[in-house]
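Visitor: I am new to this structure and should like to understand the terms used to describe it. May I put some questions about how those terms are justified?

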Amino acid sequence: MTFNDRTTPLSLLATRRSGKARDLIAPGPDSDELGRILAIAARTPDHGKLAPWRFVVVPAEARDALAAGIVDAYRADKPEAGRLEIEAMDQFARQAPTLVVVLASPKVESHIPLWEQELSAGATTMNLLHAVHASGYAGCWLTGWAAFSDRVRDLFGAAPERIAGFVFIGTPSRPLDERPRPDMEKTVSIWGGAVAKGI
């Protein structure tokens, strides 16, 4: 399959590949395209119909403010941080033309286990990446320090919410390299059960 092979649903799934956020350039999806992408992302397994996640779009004009917020949070957590660390934090929010922050937003009052709600947040993030690919763009799901910082989380929401990921979206500046994939013979097994094994 070629890099641009998006002719069937299975080829879409087989060719999706994450891009590096720093290598994603304009154009990114316009507001209508992004709306469709997010609507598709929301079509995900969700026990109890809780929608235990939400999306925060960070527009281009808000990137400076987000970068400043991340840098302030990093300095508060790591007062000994050096210049290169601070520069890396500053650049984090400025990558790619489009940024969507996915928040796991569990409904703690529900009887649905929190683990299932967290799995749903992960599934919606994966659906987001598939919708990005199907729309002709590439995405990059990043976490890192910022995703686990309560101070950064508080820029978007409040506990018990958590950042599931920063999804950067744009056009690859070069064809994406395929990455090593799992050895399916080591990943897939057949369970025979105690009766089948004669135990």
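Guide: The following exchange takes up the terms one at a time.

Visitor: What kind of model is this, and how many helices and strands are there in the protein chain?

Guide: The model is a predicted one. The protein chain holds nine helices and five strands, and along the sequence they follow the pattern α-β-α-β-α-α-β-α-β-α-α-β-α-α. Its C-alpha atoms fill a box of roughly 65 × 45 × 35 Å along the principal axes. Of the 199 residues, 39% count as buried.

Visitor: Why is α2 called oblique to α5?

Guide: The axes of α2 (residues 31-41) and α5 (residues 114-134) come within 8 Å and cross at roughly 140 degrees. Angles over 145 degrees count as roughly antiparallel, and those from 65 to 115 as roughly perpendicular. The value of roughly 140 degrees belongs to neither class, and α2 is therefore oblique to α5. The crossing is right-handed.

Visitor: Which residues make the contact of α2 with α5, and how do they divide into nonpolar, polar and charged?

Guide: From α2 come Ile-37, Leu-38, Ile-40 and Ala-41, and from α5 come Thr-124, Asn-127, Leu-128, Ala-131 and Val-132. Seven of these residues are nonpolar, two are polar and none is charged.

Visitor: What makes the buried residues of α4 lie on the same side?

Guide: The buried residues of α4 (residues 83-92) are Ile-86, Met-89 and Phe-92. They cover an arc of only 120 degrees around the axis, and therefore they lie on the same side of α4. The face turned away from that side carries the exposed residues Arg-83 and Leu-84. Among the elements that cover the buried residues are α3 (63-77), β4 (138-142), α6 (144-147) and β5 (162-172).

Visitor: How do α3 and α4 cross, and which residues make the contact?

Guide: Their axes come within 7 Å and cross at roughly 145 degrees, and the crossing is right-handed. Ala-67, Ile-70, Val-71, Tyr-74 and Arg-75 of α3 meet Glu-85, Ile-86, Met-89, Asp-90 and Phe-92 of α4. The residues of this contact divide into seven nonpolar, no polar and three charged.

Visitor: Why is Thr-171 called partly exposed?

Guide: Thr-171, in strand β5, has a relative accessible area of 21%. Buried means under 20% and exposed means over 50%. The value of 21% lies between these cut-offs, so Thr-171 is partly exposed. Leaving aside neighbours within four places in sequence, Thr-171 is in contact with Asp-23, Leu-24, Ile-25, Ala-26, Pro-27 and Tyr-137. Tyr-137 is 34 residues from Thr-171 in sequence and 5.2 Å away in space, C-alpha to C-alpha.

Visitor: Is Lys-49 buried or exposed, and what is notable in its phi?

Guide: The relative accessibility of Lys-49 is 78%. Exposed means over 50%, so Lys-49 counts as exposed. Its phi is near 55 degrees, a positive value in a residue other than glycine. Lys-49 lies in the loop between α2 and β2 (53-57).

Visitor: How do you know that Ala-51 is partly exposed?

Guide: Its relative accessibility is 31%. That value is neither under 20% nor over 50%, so Ala-51 counts as partly exposed. Ala-51, also in the loop between α2 and β2, has a positive phi of about 50 degrees. Most residues other than glycine have a negative phi, and most peptide bonds are trans.

Visitor: Which peptide bonds are cis?

Guide: The bond from Ala-26 to Pro-27 is cis, with omega near 5 degrees, and so is the bond from Ala-159 to Pro-160, with omega near 10 degrees. Pro-27 lies in the loop between β1 (24-25) and α2, whereas Pro-160 lies in the loop between α7 (150-153) and β5.

Technical notes
Residues are numbered from 1 along each chain as its sequence is written. This is a predicted model: local features need pLDDT of at least 70, side-chain atom pairs count only at pLDDT 80 or more; totals for chains, interfaces and linings use all residues. Side-chain values use heavy atoms; hydrogens and water are left out. Axes are lines fitted to C-alpha atoms, for helices over the stretch in contact, and angles run from 0 to 180 degrees between N-to-C directions. Helices (H or I, at least four residues) and strands (E, at least two) are DSSP runs, numbered from the N terminus. Angles under 35 degrees count as roughly parallel, over 145 as roughly antiparallel, 65 to 115 as roughly perpendicular and the rest as oblique. A crossing is left-handed if the near helix is turned anticlockwise from the far one by less than a right angle, and right-handed if clockwise. Contact means heavy atoms within 4.5 Å. Ala, Val, Leu, Ile, Met, Phe, Trp, Tyr, Cys and Pro count as nonpolar, Asp, Glu, Lys and Arg as charged, and the others, Gly among them, as polar. Buried means under 20% relative accessible area, exposed over 50%, partly exposed in between (1.4 Å probe, protein chains only). The arc is that of the directions from the helix axis to the C-beta atoms.
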